[in-house]
Amino acid sequence: MTTLATTPAGPQARARRAGPRPRRRDGLRPWLYLLPAAAVLLPLLGYPIYMLGLLSVFDYRQAQVSGGEPTTFVGFGNYATLLGDQRFWSVLGQTVAFAAALVVATLAVGATLAVVLSRAGRVPRLLLSLAAMAAWAAPAMTGSTVWMFLFDADLGLVNQVLGIEGFNWFYDRWVAFGVVGATVVWHSFPFVMVTLYAGIQAVPASVIEAAALDGASAWQSFWKVLVPILRPLITIVVIQSIIWDFKIFTQIYVMTNGGGIAGQNSVLNVYAYQTAFGSSEYGLGSAIGMVMTLILLAVTLLYIRALHRRGESL
Amino acid sequence: MRLRRRLMWIARHALAIALALMFLGPIVLVALTALMTDEQALTSTLWPERWNWSNFADVFTHSELLTWTVNTFVYASLATLFMLVSSIPAAYALARFRFRGRKTAFLVVISTMMLPPQVVAVPIYLVWARLDLTDSLWPLILPMLFGDAFSIFLLRQFLITIPREYTEAATVDGCSDVQILFRVILPMARPAVAAVALFSFFYCWNDYYGPLLYAGVDQEGWTLSLGLATFKAFHSVQWNLTMAATLLVTAPVIIVFLFAQRVFIEGVTLTGVKG
């Protein structure tokens, strides 16, 4: 009874739930258990968002925090500043494009490796899982350090292998994004791989064999058989990756030294951090936070819909 | 036909091994560099001429690595402990009881999970600043006393798979809700509890944003990830030391992870959510 595999689950439990509702409602008791969490989920979700909204319509800087100056209501002033700022738009565009590229890359690498893993022999499978686990466990911070070392202009292994001396990978905006992106994918592919691998394992071998008998190539049976079966799982992985990659911080902040030359590699999270805590522009920082909240809320709605489609009862 | 199949077999294995090497290679390189002398780390040779094990000791004398490790450990353990104490009852309530507002409560949990702490960092930071608790790790630890959305979600996903018959039987036998939670549910949910505990511990251990915001300027209060970032800045020409520090920070995590990987994978496949 202590492992997942032996836990009586699935159909049995579902059938039970589908039956008549329990006679009595449980009244107040559940709230007692929820109390600690509810007591904070409200502050944790409601209050900060309320405060975020409130702060975003005030001129709120260090002087106001220390009480040196009165807070002034500026209405949508912060948003006007933000939306009128060329830099905000380029950071926003970069964030969306970077996150999109990361999601696609992570999924491509993760899915490919999941398929390879499901077909490889014992030794390669062990090696690959080992590598994936190491990448998964490594803190974003140490991963960044290692990749910076690999791509170091003077000593990096990459430059030595390619035979280019002193080429700085963090100088050009797009090259730097590429290197940071590779680091992020290195960190995040194991999750996709493991999830999809588990999904593939659950697909009966007879289905794949039937496809092969009907003359489907490996490529075809992946797209026409596996992908449709795994679609619900893939949806959730995609949405998770979107949220994950959209809020990327550590790799950019560490590897490009706070957003690169003149902030050319900045993403929203780094931009918000620097605006709010670097320049103590709390009001403006809150406005950026609001924009991020709205975007992520939209993605969350998609996530909840996906969960629903997977047949989760809320 | 047979030749073709053999070629495919070779291709697949070659691909798997090449990929594994690509991902394991950097780790090996880090280990080798960590063992070089200062001078050699600045050259392009790959194999240490002299195995300089003292680098690992030097890391401790050159930095507050020990303090950072202790801080990180305290932060991760306390946060995980607090998370368990608060999230288990909440997940239990969401999974087992039918009550008005249950769906809403669950939706709130999911939404909280989706919103990164960074988004609402400003108002929360200002609250902690008013309480005079910034320049410490408490702002990262104390909130865990009130539940962590991701953990609640993962635990709930597990708890709903436990058939009601178990709890009903326990009720018939005269168990109270609390007794059911501790005697029936928790023993069955051990793998899920282990998964959330590990996820939480790893999240804290690897966290960079949180400590960057709250730990303050005094090195005494830093965590490993924060320390490592500056270590690199201070010892930029001593790649051997930087890599030794990196290895010291990463190795324990990877080892624990390898031992616990089954728990992780179960947690992930259970919910389709990453930690």
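The following exchange concerns the two domains of chain B in a predicted model and the contact between them.

In this predicted model, local features need pLDDT of at least 70 and side-chain atom pairs count only at pLDDT 80 or more, whereas totals for chains, interfaces and linings use all residues. Residues are numbered from 1 along each chain as its sequence is written, chains are lettered from A in the order in which they are written, and side-chain values use heavy atoms, with hydrogens and water left out.

User: What makes 2–56 and 64–272 of chain B domains?

Analyst: The bounds come from an automatic or database domain assignment, which gives domain 1 (2–56) and domain 2 (64–272); their centres, taken over C-alpha atoms, are separated by 33 Å.

User: How many residues of each domain are in the contact?

Analyst: With contact meaning heavy atoms within 4.5 Å, domain 1 of chain B contributes 11 residues and domain 2 of chain B contributes 9 residues.

User: What is the area buried between domain 1 and domain 2 of chain B, and what share do carbon and sulfur atoms give?

Analyst: Buried area is the accessible area (1.4 Å probe) that two parts lose on being put together, summed over both, and here that comes to about 930 Å², with 75% from carbon and sulfur atoms. Val30(B), Asp38(B) and Phe56(B) supply 45% of the area that domain 1 of chain B buries against domain 2 of chain B, more than any other three residues.

User: Why is the count of salt bridges between the two domains of chain B 0?

Analyst: A salt bridge requires a side-chain nitrogen of Lys or Arg within 4 Å of a carboxyl oxygen of Asp or Glu, and the count between the domains is 0 because no pair across them meets that rule.
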